[in-house]
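Here is a protein model to read through by question and answer. Look at the sequence and the 3D view first, then follow each step.

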Amino acid sequence: MALAAFDMDGTLIDGRLVFALAERSGLDGKVRDIQADLRLASHEKTKMIATLFAGAVRGDVVSAVESIPLAKNCEKAVALLKEQGWKVGIISDSYTVAAGAVAEKLGMDFLAANELEFDNGRATGRVRMPMGWQEIACTCRLSVCKRFHLEKYAKKFDVPVSQTAAIGDTRADICMVRRAAKGIAFMPKDDDIKSATGMVVSEPDMMHVVRLLAAHRD
Ligand SMILES: [Zn+2]
């Protein structure tokens, strides 16, 4: 038994939900400003960005993620991994309402993400962040510590960490990519994730990930 954790934005899908959502309401400049603010910890940015989406309709958040194409051969790759006995899931710093739609489409076994709060179908501006870095002394300080959740789901499915894989595209994925037995940088967007692992996929095709995982299987 093995377990593979995928990042969503920029990895499973060829784009980023918060930008797709922000562009629809002309908020993309504000989202970019918050993300570029070096004084803010990552989880503080997540909180501030969520306030921008107060009033957003749940269905619009889902249709924003559905407007972003899946990575090439994404469905095929996940189906193949599942056939080979992998537990496959999403660990994302996006929102459960959107990541859940992607997880369902791909038949994922698990999902961890930030929970955007809704009241009567509209976002309240509040977000519940699973974090987890405090519990394992991870230095990432992200709204979703991906290493914490990789370990959590490995334990849940009774998979040793030596049989895990993690796939991501930015520095937000580093802690899980380093922790997993097989950490893959898929279409890396920054140098930090690229230098965090020796396994880099620079072609936008998820089948390369399946081949890498098959080649390195014990
Ligand atoms: Zn972490």
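The questions below concern a predicted model and cover its metal site, its sheet and its salt bridges.

Q: Which residues are the protein donors of the zinc ion?
A: A donor here is an N, O or S atom within 2.8 Å of the metal. The SG atoms that qualify lie 2.3 to 2.4 Å from the zinc ion. They belong to Cys138, Cys140, Cys145 and Cys175.

Q: What is the arrangement of the 4 donor atoms around the zinc ion?
A: Four donors count as tetrahedral if all angles lie between 85 and 135 degrees. The angles subtended by the 4 donor atoms are 106 to 114 degrees, so the arrangement is tetrahedral.

Q: How are the donor residues of the zinc ion spaced in sequence?
A: The donors are Cys138, Cys140, Cys145 and Cys175. Written as a pattern, their spacing is C-x1-C-x4-C-x29-C.

Q: How many residues apart are Cys145 and Cys175?
A: Cys145 sits in the loop between helix H7 (133–136) and helix H8 (146–156), while Cys175 belongs to helix H9 (residues 174–179). Both residues are buried. The pair links distant parts of the chain, and its separation is 30 residues.

Q: Which strands are the edge strands of the open sheet?
A: The sheet has 7 strands with mixed pairing, in the order S4-S3-S2-S1-S5-S6-S7. From one strand to the next, the twist averages 25 degrees. An edge strand pairs on one side only, and this holds for strand S4 (122–128) and strand S7 (199–201).

Q: Do strand S1 and strand S5 run parallel or antiparallel?
A: Strand S1 covers residues 2–6 and strand S5 covers residues 164–168. Leu3 stands opposite Thr164 in S5. The two strands are joined by 4 bridges, and their direction is parallel.

Q: At what angle does helix H3 run to S4?
A: Helix H3 (residues 42–52) lies across strand S2 (86–95), strand S3 (110–119) and S4. Its angle to S4 is about 175 degrees.

Q: Which residues are linked with Lys146 in a network of salt bridges?
A: The structure holds 12 salt bridges. In one of them, the side chains of Lys146 and Asp7 meet at 2.9 Å, N to O. Lys146 is in helix H8 and Asp7 is in the loop between S1 and helix H1 (17–24), 139 residues apart. Both are buried, and the network that holds Lys146 also includes Asp7 and Asp173.

Q: How many residues apart in sequence are the parts that Asp109 and Lys82 tie together?
A: The closest N and O atoms of the salt bridge between Asp109 and Lys82 are 3.4 Å apart. Asp109 lies in the loop between helix H6 (96–106) and S3, and Lys82 lies in helix H5 (residues 74–83), so the parts tied together are separated in sequence by 27 residues.

Q: Is Asp169 buried or exposed?
A: Asp169 forms a salt bridge with Lys189, with the closest N and O atoms 2.9 Å apart. Asp169 is in the loop between S5 and H9, and Lys189 is in the loop between strand S6 (182–186) and helix H10 (191–195). Lys189 is partly exposed, with a relative accessible area of 46%. Buried means under 20% relative accessible area; Asp169 has 0%, so it is buried.

Methods: Residues numbered from 1 in each chain as written. Predicted model: local features only at pLDDT ≥ 70, side-chain atom pairs only at ≥ 80, totals over all residues. Heavy atoms only, no water. Donors = N, O, S within 2.8 Å, 3.2 Å for Na, K, Ca; no water. Tetrahedral: all angles 85-135°; square planar, octahedral: opposite > 155°, others 65-115°. Buried < 20%, exposed > 50% of the residue type's maximum accessible area, 1.4 Å probe, protein only. Pairing = 2+ DSSP bridges. Axes fitted to C-alpha atoms, helices over the stretch in contact; angles between N-to-C directions. Contact = heavy atoms within 4.5 Å. Salt bridge = Lys/Arg side-chain N within 4 Å of Asp/Glu carboxyl O.
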